[in-house]
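The following exercises concern a single protein model. Please work through each task with the structure in view before reading the solution.

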Amino acid sequence: MTITYESVATPDGVVAPRFRPPTGASSASAMTLDGEWRFRLFPHPDTGVDRGERGDDWDRLVVPGHWQLAQAPHAWPYGMPEYNNVLYPFPVDPPHVPDDNPTGEYRTTFRLPADWPEGGRTVLRFEGVDSWFQVALDGEVLATSHGSRLPTEVDLTDRLHAGGEHLLAVRVTKWSAMSYVEDQDQWWLSGIFRSVTLEHRPDGALDDVRVHADYDHTTGVGTLRVDTATVVATPGPVAARVTVPELGIEGVTGEELQIAVEPWSAEQPRLYDVVISTDTETVTLAVGFRTVSIEGGVFLVNGRPIKLRGINRHEFDPLRGRAVTPELMLEDVLLMKRHHINAVRTSHYPPHPHFLDLCDRYGLYVVDENDLETHGFQPGGWVGNPVDDPAWTEVLVDRVTRTVRRDAHHASIVMWSLGNEAGGGCNLPVMVDAVRELDPSRPIHYEGDFSSDHVDVYSRMYADSEEVELIGQGIEPPLERPDVDARRRAMPFVLCEYAHAMGNGPGGLADYDAIFDRYPRLLGGFIWEWIDHGLTRADADGNLFSAYGGDFGERFHDGTFIADGLLLPDRTPSPGLRETAAVFAPIRIDTRPDGALLVRNRYSFRDTSHAELRWTLHRGEEELATGTLDLVLDAGTETVVRPPSGLPLLEPGEAPVWWTVRAVQQKAEALEEAWLEPGFELGAGQLLLVEPAGLPAPAGRVTTEADGGFRAGPAVFDVRGGLRSLAGRAVHDLRVDAWRAPTDNDRRPARWRGPADAEKWRGAGLHLLAERKDGVAVTADGALAVEARTAGPATRAGFATTYRWQPVTYAPDAVDLLVDIRPEGRWPESVARLGLLLALDEPQAAETGVRWTGLGPDESYADSRYAALGGAWRHTVADWQTRYTHPQENGARRGVTSAALSFADGSGLRIDADDVTIGARSQLGIELSLRPWSDDALERAAHPHELVPDGRLWLHLDAAQHGVGSAACGPGVLPNAQLHAAPVRMRLRFTSL
Ligand code: GAL
């Protein structure tokens, strides 16, 4: 049979897949072929180019890399990236793909170095080629392969001659039958995107090395057994010496070696060098001793329950796509560790193998996922799905077993995953059997096995916290078949995806986390996802921006759905990542309703003796007292702490007094360099000890101006009571507001049903609110009372508002505003915000400085607020903005009791907030947002660089905002963070500085 790019066939002409020691672990000779290759792109796989053609006058292209990104961000000579989530961008007609199938011809030449060993075999290894490729040497086709994120090896030995030059030709197609099983939610990017090496395999080489390293937590004894074989040169078992120098043990392959060891865990990633040698090759592997088990429905590592506080990671570099460098992999791992992430699902394919080395070394639990997704069959009812088609069995088994063989030696991997969103069918049990046979030591995961017939853990995505709570208790609705139901009910539960981090969000992370902690059956989960895949692109003026679906002229794409990570594309942590760090903190410090702090050691294996609990008593920018708490908690235990006695008794002052406790790393951990510095925060929490003194009554009288208008301290009004200027600055607008530039979550219906929040809000006219003044009067006590009504078009619902302005007798530069907002008529279930919009003329608004007392330093929302702590903070208006890849509501600072703005011209404005109530609830301070552009502009902008200051400072002085939720993919805002139309009252004081 001739194998083509449309064949459903396993790789041909390749070396049998094996448990291969990773690159760099072997003493055998190797030579990289990475670098500049010759390249030409053709419109179709029938390129007509001879394999013997050297291509000396072709273009130059760097391997590893994707051809679409060869000249990113400025030029795209080889076609542009395309983004699709679920749907195939071509007709669903497997195994056929379009004729328009860009195909790269790659050429490079090499000579074996003079010192290349004689004898043995020489193997060419590709770590990753997307999607289908053919390998030819000196004009002759030797192999065809696929499995974009899997290795391929081709034995070249018989065609190599010492000293001679060889021509290597690789033909790579963009589309192939395999595109049907590689439908992951990401950019379609092609080419040889991982390294290519030539490797010598001596006779008697260690080609196939299986390491079994278990840990018995009852005895503290580790068991090591290494099985080896040669596969390439002289197939068959091979005996080798096994030593662990650090433990002083020696043995041979096949022998069980037992010795007391320190176990491996993500908390304490202890590794030992295991040296395996024959006369011709030595392999050194960093081995961790650990045992994964499931007992009584609970997932255990080394006999103890663990929680996965994880993220889903795609490989992504904004300029290089999936051709990620070792430096970037390390950056990812360190960013995860620094944000208390302890687990990674390698969505949705095996990552570059070096990433797993780093997970072993720094300590991350890994769910290693097979390179498989066929989601595009779902809309057609899964008809024709490869996972249910016997014609695909061999291909699918080949993929998953290549995954296991490549990665099995990694201690960090605690589960295998069969793939993502690939439906069910006859091939699932076959894949499961194949994995179990190769590695019975790890549980198998696959969310698409909906009743968990074949797998070992019950996995779901985006289940809401209510349902997860039922599952935690084992009282979820039953499956139809009682035996399957009983089996699944005895399984641990994991959310392989939850808390969709698209744009501003995720909201509700802490709600999930609390439920995970409550029930032993709940193993935790993986936030979707790690990073926004915004590719850097230059616009016509040369401005660089992060491009998403549609930005490369694709006509069939999924837009902003590619920007749903905790990191912005340049790896700037989003507020969502800081929230993750606060929620995932291993030493959690939470406020209890009785005015104490609960300190919990959430490690599974270690006490808190590496941490110091430091406290500060502070008011505004003033530190009043500091100290430490003498406390060591064993793994899994908790205690209640209160401020020590003898603290100064404090009268209420201008700012609230907080008692803040931070658990910090005491000294650098010896086992790992650099990432865990002394002082690194492992958790924080605080108590509000003294509320600020209220603002004294204003008691001044407004004056009437010559033009019939009014004046109250720094505020000037027209005859109808409209605010014209404040603190010497023209007022462009002041009115009630209930709208926001919709977040990605606002734009989508929760749980994919019903209208989205933003649609409901639009239906109520919130995006077009206008205010009418109904009356103005000076009250007997000297205040200016303005009655107004704010409403949108085509609706009877509106807000009746009373503004009561009054000068402050003892502060001539100040004016008080008491505002009462009363919703009238029928409102949608929620509103985006409730408060005042104030727009002031300010030519240099972005440079305005802000110092505020409240929660900070980052933005927070009602359901994303763990990272924000009470204190005194400062920013500029420019820095106040979060530049989400897709612009949307951002930047709210909550609990603000005072804020001082300093304008570029040296003048300033101070805003104090007091007596804030929503319905029957009173709260400390307001939610403040500041922007150098309007919400309209924010909503209209497709990318952050399109936002330009408009000469005004736009302030939101809100009582509250609706939470953010994660409706973009999953549940919306939970009741505890919803904002309903309700009467609002706030007292604000504006002081000209
Ligand atoms: C999930 C899928 C992910 C991603 C996410 C939406 O269903 O598994 O790959 O597409 O939805 O961002």
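**Exercise 1. Two helices in contact**

Which residues in H5 meet which residues in H7?

Solution.
Step 1. The model is predicted; local features require pLDDT of at least 70, side-chain atom pairs count only at pLDDT 80 or more, and totals for chains, interfaces and linings use all residues. Residues are numbered from 1 along each chain as its sequence is written, and side-chain values use heavy atoms, with hydrogens and water left out.

Step 2. Helices (H or I, at least four residues) and strands (E, at least two) are DSSP runs, numbered from the N terminus. H5 covers residues 465–473 and H7 covers residues 509–518.

Step 3. Contact means heavy atoms within 4.5 Å. Ser465, Val468 and Glu469 in H5 meet Tyr512, Ile515, Phe516 and Arg518 in H7.

Step 4. The residues of this contact comprise 4 nonpolar, 1 polar and 2 charged. Here Ala, Val, Leu, Ile, Met, Phe, Trp, Tyr, Cys and Pro count as nonpolar, Asp, Glu, Lys and Arg as charged, and the others, Gly among them, as polar.

**Exercise 2. Describing the helix pair**

State how the axes of H5 and H7 are arranged.

Solution.
Step 1. Two packed helices are described by the angle between their axes and the distance between the axes. Axes are lines fitted to C-alpha atoms, for helices over the stretch in contact, and angles run from 0 to 180 degrees between N-to-C directions.

Step 2. The axes of H5 and H7 come within 10 Å and cross at roughly 5 degrees. H5 is therefore roughly parallel to H7, a label given to angles under 35 degrees, whereas those over 145 are roughly antiparallel, 65 to 115 roughly perpendicular and the rest oblique.

**Exercise 3. Domains and cores**

Identify the domains, and then locate the largest nonpolar core relative to domain 1 and domain 2.

Solution.
Step 1. The protein is divided into domain 1 (294–536), domain 2 (590–690) and domain 3 (708–992); the bounds come from an automatic or database domain assignment.

Step 2. A nonpolar core is a set of buried Ala, Val, Leu, Ile, Met, Phe, Trp, Tyr and Cys residues joined through side-chain atoms within 4.5 Å. Buried means under 20% relative accessible area, exposed over 50%, and partly exposed in between (1.4 Å probe, protein chains only).

Step 3. The largest nonpolar core has 113 residues, of which Leu418, Val468, Tyr498, Ile527, Trp530 and Trp659 touch the most other members. Domain 1 and domain 2 both give residues to this core, so the core lies between them.

Step 4. Apart from this core lies another of 65 residues, including Val736, Leu766, Ala899 and Val916.

Step 5. The centres of domain 2 and domain 3, taken over C-alpha atoms, are 33 Å apart. Their contact takes 13 residues from domain 2 and 12 residues from domain 3.

**Exercise 4. A covered helix**

How many residues of helix H8 are buried, and what covers them?

Solution.
Step 1. H8 spans residues 575–584, and 8 of its 10 residues are buried. These are Pro575, Gly576, Leu577, Glu579, Thr580, Ala581, Val583 and Phe584.

Step 2. The cover includes H7 and the strands E26 (308–312), E32 (493–498), E33 (522–527) and E36 (587–591).

Step 3. Among the contacts of Ile527, leaving aside neighbours within four places in sequence, are Thr580 and Phe584, as well as Leu509 and Tyr498.

**Exercise 5. Buried or exposed?**

Decide whether Met336, Val141 and Pro843 are buried, partly exposed or exposed.

Solution.
Step 1. Met336, in helix H1 (residues 326–338), has a relative accessible area of 0% and is buried. Beyond neighbours within four places in sequence, Met336 contacts Ile311, Arg313, Ile341, Val344, Phe355, Leu364 and Trp530.

Step 2. Val141, in strand E9 (residues 140–146), is partly exposed at 36%. Not counting residues up to four places away in sequence, Val141 touches Arg51, Gln134, Val135 and Ala136.

Step 3. Pro843, in the loop between strand E52 (833–841) and strand E53 (849–856), is exposed at 69%. The C-alpha atoms of Pro843 and Arg952 are 6.2 Å apart, although 109 residues separate them along the chain.

**Exercise 6. Backbone geometry**

Which residues does a cis peptide bond join, with omega about 0 degrees?

Solution.
Step 1. The bond joins Val63 and Pro64. Pro64 lies in the loop between strand E3 (59–63) and strand E4 (82–84).

Step 2. A cis peptide bond with omega about -15 degrees joins Ser347 and His348.
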